[in-house]
Amino acid sequence: MGESISARSHYMNVFEKINHCFLYFEKIVLTFCTIVLVIAIFIQVVCRYILLISTPWAEELARYLFVWMAYLGGGYALHTGGQIEIDIAPTIIKSLKGISTATKDRIILLLKTVGLVITVVFLLGFCWVFGNYIMFIAGGSQTSQTMHIPMWIVYFPVLIGSLITVWHGVYRILCNIWPVSVNVD
């Protein structure tokens with residue numbers, strides 16, 4: 001029994017290190033995107049309202065950065081528990097009488113784990129479909145309207161963000177199944 005706990009602990013430590021690498025990558029990319037987004041919007045506002053000229057490239061860049069941040073930030077939100085969730089079932093379970101708090105906590109953990117499994121399965125399907133779509137776009141020559149960026153580059157962070165979210169989901173599932181003093185949040 002001690003060996004299996006030690007092995008689980010070792011694997012979870014490896015998963016935790018990989019997870020922290022992803023989180024570090026996400027923080028850097030999200031910070032960079034935020035800074036560039038603020039600069040692009042500032043340029044857009046100055047050019048439009050002070051210089052009275054149009055800057056369609058700044059608007060396009062801001063739009064793409066916002067989408068990138070949403071998908072890349074999704075994994076980070078899933079890891080920290082900052083995603084939108086409906087907590088009706090946990091609230092009802094917590095209010096049940098005659099069931100111990102430990103049992104209620106186990107039921108809630110089971111529900112959260114099932115929710116994570118459903119999320120991961122959905123995202124894997126999405127990644128497969130969207131990955132094929134990106135391959136199709138990469139075979140063509142379509143570029144963005146103003147900045148002339150190949151469209152597969154524009155859409156690629158959506159796939160990367162979804163894959164990172166899958167990783168965080170799997171990591172959270174493993175933390176729920178094998179709780180061995182691993183820092184989940």
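The exercises below work through the fold, the cysteines and two loop residues of a predicted model.

Residues are numbered from 1 along each chain as its sequence is written, and side-chain values use heavy atoms, with hydrogens and water left out. Because the model is predicted, local features need pLDDT of at least 70 and side-chain atom pairs count only at pLDDT 80 or more, while totals for chains, interfaces and linings use all residues.

**Exercise 1.** Work out how many helices and strands the protein chain has, and what its overall dimensions are.

Solution. Begin with the secondary structure, in which helices (H or I, at least four residues) and strands (E, at least two) are DSSP runs numbered from the N terminus. The protein chain has five helices and zero strands, and its elements, read from the N terminus, run α-α-α-α-α. Next take the dimensions: the C-alpha trace spans about 70 × 35 × 25 Å along its principal axes. The radius of gyration (taken over C-alpha atoms) is compared with a globule rule of 2.2 Å times the number of residues to the power 0.38. For 185 residues a compact globule would have a value near 16 Å, but the protein chain has 21 Å.

**Exercise 2.** Determine how many disulfides the whole structure holds, and whether Cys 127 and Cys 175 are buried or exposed.

Solution. A disulfide is a covalent bond between the sulfur atoms of two cysteines, and here the term is applied to a pair of cysteine sulfur atoms within 2.5 Å. A search of the whole structure finds zero disulfides. For Cys 127, the nearest cysteine sulfur is that of Cys 33, 18 Å away; for Cys 175, the nearest is that of Cys 21, 15 Å away. The last step uses relative accessible area, where buried means under 20%, exposed over 50% and partly exposed in between (1.4 Å probe, protein chains only). Cys 127 is buried, at 8%, and Cys 175 is buried as well, at 6%.

**Exercise 3.** Find where Leu 52 and His 148 lie, and what their phi values are.

Solution. Most residues other than glycine have a negative phi. Leu 52, however, has a positive phi near 55°, and this residue is found in the loop between helix H1 (2-50) and helix H2 (56-80). With 69% relative accessibility, Leu 52 counts as exposed. His 148 also has a positive phi, near 60°, and is found in the loop between helix H4 (101-138) and helix H5 (151-177). Its relative accessible area is 54%, so His 148 is exposed.
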